[in-house]
Structure formats: C-alpha cells, structure tokens
Amino acid sequence: MADREQPVTLRTRKFIRNPLLGRKQMVVDVLHPNRANVSKDELRSKLSEIYKASKDQVSVFGFQTQYGGGKSTGFALIYDSNEALKKFEPHYRQVRIGMASKIEKASRQQRKQRKNRAKTVRGTAKTKTASKDKKK
C-alpha cells in the first residue's frame, strides 16, 4: 500500500473549548493529494499527537471528500477524559471507536411483528406469544 506513505496535512478551524461538556471541538480540513481519503483511525492518531491527548479521547465524524478529491472536511471532538467521553458521546459513536459494545436486538420488522401478534391476545397470554416468537 503506497497510499499510506503519502503525506497528509491536517488543518483545524472553528476551534472551541467547551468546558461544560469537557471537550475541545473543531472543524478539521484534511489535505490528501494523490490519495483517495484518510481513515478515521489515522485521523484520530494524528489529532491525538497534535493536541497531546490519548487516542481514546478523540472522536472524528462527518467527513466528506470535496468534489475532485484531495481535500476532506469533517468534525472532531477531543475530550478531557474518558469519563467525559462516556458521558456525553452518543452510544453509536462510542461503538465506532471501540469504547462500547453494540446492543444486539431483533430487527425492526421482527419487533413490529411481535408487537402486532401480542395485540391479538389478552392478559397474561401476551408474554406467552412473545416467548413463542423467540423459540422460532
């Protein structure tokens, strides 16, 4: 992979220190000529070096590559501590960076079908129909 050795330039703008949420937030411009795009993992490690924070405390999201390539723009949050990240960062983004595990649940269609089957019975039989669905 010769792409990995290509130089990447990070520029931050609209930098805000947010003490209520315990984080620094900024818009990140990534210049990556001769390269399709840059992985979020690589961006997290570069931002953690620049701002002297642990890689676990950096969250990047919302990157879009400009038409023609060579430049991407997105958003970055650098938390002061892991506790602040766990408290304020949405669960799905914690799952993306490996700070939390995904909650496994039935598909949306299966949940709706189970709800509608339960509507046809009365009383304690509702729990029996739900358990029958799980056995299938």
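This briefing covers the nonpolar cores and the aromatic pairs of the structure above. The model is predicted: local features need pLDDT of at least 70, side-chain atom pairs count only at pLDDT 80 or more, and totals for chains, interfaces and linings use all residues. Residues are numbered from 1 along each chain as its sequence is written, and side-chain values use heavy atoms, without hydrogens and water.

**Nonpolar cores**
- The largest nonpolar core (buried Ala, Val, Leu, Ile, Met, Phe, Trp, Tyr and Cys residues joined through side-chain atoms within 4.5 Å) has 13 residues.
- Buried means under 20% relative accessible area, exposed over 50%, partly exposed in between (1.4 Å probe, protein chains only).
- L10, V28, V30, L47 and A76 touch the most other members.
- β2 (23-31), α1 (40-50), β3 (58-65) and β4 (71-79) each give two or more residues to this core; helices (H or I, at least four residues) and strands (E, at least two) are DSSP runs, numbered from the N terminus.
- β2 gives the most, with three residues.
- A second, separate core of seven residues includes L77, Y79, L85 and I97.

**Aromatic pairs**
- The whole structure holds two aromatic pairs (ring centres within 6.5 Å; planes under 30 degrees apart are stacked, over 60 edge-to-face, the rest tilted).
- F15 and Y51 are stacked, because their centres lie 5.7 Å apart and their planes are at 10 degrees.
- F15 is in strand β1 and Y51 in the loop between α1 and β3, 36 residues apart.
- F61 and F75 have centres 5.6 Å apart and planes at 50 degrees, so this pair is tilted.
- F61 is buried at 17% relative accessible area, whereas F75 is partly exposed at 28%.

Key:
Phe/Tyr/Trp six-rings, centres within 6.5 Å; stacked < 30°, edge-to-face > 60°.
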